[in-house]
Amino acid sequence: MTETAERLKLELSQLSVKDRAELAYFLIHSLDEEVDYDVESAWDVELTRRMQEINEGTASGKTSNQVFTELREKYS
């Protein structure tokens with residue numbers, strides 16, 4: 001990693017969680033060189049379906065604590 005990137009990492013780590021999240025979103029999306037509208041549309045349909053299941057109370061899921069515990073166990 002370049003010296004500039006290392007300096008930015010240090011400075012950016014001092015920002016609020018909200019500001020870091022917004023920057024992360026920007027950086028991730030800046031990597032996309034082209035948009036696949038078919039994929040975007042499919043995700044919109046899937047997210048709408050999932051939200052409907054949540055609102056209807058038919059969705060099954062895990063708490064964030066369960067998910068993070070499983071991930072820590074898997075990758076530690």
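Helix H2 gives the largest share of the nonpolar patch, 3 residues. The model behind this picture is a predicted one, and the patch itself is a good place to start looking around. Its members are Leu8, Leu12, Leu15, Leu23, Phe26 and Leu27, and together they make a nonpolar surface of about 490 Å². Two elements, helix H1 (3-12) and helix H2 (17-30), each give two or more residues to this patch. One of the members, Leu12, sits in helix H1. Leu12 has a relative accessible area of 33%, so it counts as partly exposed.

Charge gathers on the surface too. A patch of negative charge is made up of Asp32, Glu33, Glu34, Asp36, Asp38, Glu40 and Asp44. Asp44 belongs to helix H3, which covers residues 37-56. With 48% relative accessibility, Asp44 is partly exposed.

Next come the salt bridges, of which the whole structure holds 7. One of them pairs Lys9 with Glu6, with 3.8 Å between the closest N and O atoms. Lys9 and Glu6 are 3 residues apart in helix H1, so about one helical turn separates them. Both partners are partly exposed: Lys9 has a relative accessible area of 46%, and Glu6 comes in at 38%.

Helix H3 has salt bridges of its own. Glu46 pairs with Arg49, and here the closest N and O atoms are 2.5 Å apart. The spacing along helix H3 is 3 residues, which means that Glu46 and Arg49 are separated by about one helical turn. Arg49, partly exposed at a relative accessible area of 37%, also reaches Glu53 through a salt bridge of 2.5 Å, N to O. Arg49 and Glu53 are 4 residues apart in helix H3, about one turn of the helix. Salt bridges with shared partners tie Glu46, Arg49, Arg50 and Glu53 into one network.

Glu53 deserves a few more words. This residue of helix H3 is partly exposed, with 27% relative accessibility. Leaving aside residues up to four places away in sequence, Glu53 touches Thr58 and Ala59. Looking the other way along the chain, Tyr37 is 16 residues from Glu53, and their C-alpha atoms are separated by 24 Å.

Note on methods: Residues numbered from 1 in each chain as written. Predicted model: local features only at pLDDT ≥ 70, side-chain atom pairs only at ≥ 80, totals over all residues. Heavy atoms only, no water. Patch = residues over 30% accessible without salt bridge, like charges linked within 9 Å, V, L, I, M, F, W, Y side chains within 5 Å. Areas by Shrake-Rupley, 256 points an atom, 1.4 Å probe, with all protein chains shown as cover. Salt bridge = Lys/Arg side-chain N within 4 Å of Asp/Glu carboxyl O. Buried < 20%, exposed > 50% of the residue type's maximum accessible area, 1.4 Å probe, protein only. Lys, Arg positive; Asp, Glu negative; His and termini not counted. Charge placed at Lys NZ, Arg CZ, Asp CG, Glu CD. Contact = heavy atoms within 4.5 Å.
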